[in-house]
Amino acid sequence: MSARGAVFYGVGVGPGEFELLTLKAERILRAADVICYPSCKPGGSSYALRIIKPMLDLSRQRLEGLLFPMDKDFARLIPIWHESARAIVSHLRENRSVAFITEGDPMLYSTFLHVYEIITEEFPEVAVEIVPGVSSLGAAAAAGRIALGQADEAIAIVPATYQKHELKELLERFDVVVLMKVGAVLDQVVEVLDELGLRDRALLASRVGTKQEIVTRELEAYRAKRLHYLTTLIVSKRGVPLVRALQAQAAQARPSENGAAVEPI
Ligand SMILES: C[S@@+](CC[C@H](N)C(=O)[O-])C[C@H]1O[C@@H](n2cnc3c(N)ncnc32)[C@H](O)[C@@H]1O
């Protein structure tokens, strides 16, 4: 189980569209002996697994669902994460390579991070390789054609665990705010956006890259509805597009031939 032994891979499988899987992820997933996927209940389904299942060879590769309940009770969760880490290590000890798949990118709010931390601390001999994936942020921004950060804009990325006043502070402080896990709290978020006059600067993106994709600025239509867990809201405070704003600034700063400032474009 050293660098020469079986490797533990953390593999990002992208936001949902098979074509957004990287070539490296595909190569590693085709070769791995065991594919571990996170599931919130025993025998439950996995979004990440659905993305890659068509390319697996299940006559040779073993699938193993690992339990990651949607819970905030860490006294209950931590032993379960340890159990998952031990299950992975037992495969590695039998010289079976293990690929742990995560939706999007493994280094961004993923279940992989919990087992990765436990394995690197408790089993430092394990060789680990992390394969980045296209994150849902990039996919949502591309689908909605909204910049995550242009020029010197500052971005905040937060899960929907904030209080109303914290969200207000974030929206005041940052140029772009990405709210992950927003599906269950959209109504509260819209209230804050309205208080700050920012509702028309927000883009809602749900299950991007799937047939159920929703990408919209019409937040009203989704109020009082429980949206899917895979839903993100991007708020970009920029009103005038950057290049146009810079052109206008430059024109204002440049005096005309008769000494008056040139009209902004
Ligand atoms: C536990 S985080 C996982 C993030 C993931 N590791 C990534 O890189 O995108 C789950 C959150 O990511 C966002 N998300 C993941 N997939 C998405 C998708 N296909 N469309 C929109 N948002 C998505 C949602 O905000 C969701 O609540």
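Which residue in strand 10 is the bridge partner of valine 178? It is isoleucine 234, and the points below place this pair in the structure.

1. Basis. This is a predicted model, in which local features need pLDDT of at least 70 and side-chain atom pairs count only at pLDDT 80 or more, while totals for chains, interfaces and linings use all residues. Residues are numbered from 1 along each chain as its sequence is written.

2. Overall layout. The protein has 8 helices and 10 strands (DSSP runs numbered from the N terminus: H or I of at least four residues for helices, E of at least two for strands). Its C-alpha atoms fill a box of roughly 80 × 40 × 35 Å along the principal axes. Of the 265 residues, 32% count as buried; buried means 20 or more other C-beta atoms within 10 Å of the residue's own, exposed means 12 or fewer, and partly exposed lies in between, with C-beta atoms placed from the backbone.

3. Domains. The assignment gives domain 1 (7-134) and domain 2 (137-243); such bounds come from an automatic or database domain assignment. The domain centres, taken over C-alpha atoms, are 28 Å apart. Across the boundary, 7 residues of domain 1 are in contact with 9 residues of domain 2, contact being C-beta atoms, placed from the backbone, within 7 Å. Of the contacts in the protein with a separation of 6 or more, 68% join residues 24 or more positions apart.

4. The parallel sheet. An open sheet of 5 strands has the order 3-2-4-1-5, with parallel pairing; two strands pair if DSSP finds at least two bridges between them. Strand 3 (62-67) and strand 5 (127-131) are the edges, each pairing on one side only. From one strand to the next the twist averages 25°; angles run from 0 to 180 degrees between N-to-C directions, and axes are lines fitted to C-alpha atoms, for helices over the stretch in contact. Strand 2 (residues 34-39) and strand 4 (residues 98-102) are joined in the parallel sense over 3 bridges, and valine 34 stands opposite valine 98. Helix 1 (residues 23-31) lies across strand 1 (7-12), strand 2, strand 4 and strand 5, at about 135° to strand 1.

5. The mixed sheet. The pair from the opening question belongs to strand 7 and strand 10 (residues 231-236), which pair in the antiparallel sense over 4 bridges. A second open sheet of 5 strands has the order 6-7-10-8-9 and mixed pairing. Its edge strands are strand 6 (155-159) and strand 9 (214-216), each paired on one side only. Neighbouring strands here are turned by 15° against each other on average, direction ignored. Helix 5 (residues 136-144) packs on this sheet, touching strand 6, strand 7, strand 8 (202-206), strand 9 and strand 10, and its direction makes about 65° with that of strand 10.

6. Strand 8. Because 5 of the 5 residues of strand 8 are buried, this strand is largely enclosed by the rest of the structure. Ala202, Leu204 and Ser206 point one way, Leu203 and Ala205 the other. Strand 8 is joined to strand 10 by 5 bridges, antiparallel, with leucine 204 partnered by leucine 233. With strand 9 it pairs in the antiparallel sense over 3 bridges, where serine 206 stands opposite isoleucine 214.

7. Core. The largest nonpolar core (buried Ala, Val, Leu, Ile, Met, Phe, Trp, Tyr and Cys residues joined through C-beta atoms within 7 Å) has 58 residues, and Val11, Ile88, Val98, Ala99, Phe100, Ile101 and Ile234 touch the most other members. Strand 7 (residues 176-180) gives the largest share, 5 residues. Domain 1 and domain 2 both contribute residues, so this core lies between them. Leaving aside neighbours within four places in sequence, valine 11 is in contact with residues including Ala25, Ile28, Leu29 and Val131.

8. Points to check. Two arginines have positive phi: arginine 145 near 50° and arginine 207 near 45°. Arginine 145 is in the loop between helix 5 and strand 6 and counts as exposed, with 8 C-beta neighbours inside 10 Å. Arginine 207, in the loop between strand 8 and strand 9, has 20 such neighbours and counts as buried. Helix 8 (residues 242-253) has 12 residues, and the count of buried residues among them is 0.

Methods. Contact = placed C-beta atoms within 7 Å. Expected span 1.5 Å × (residues − 1).
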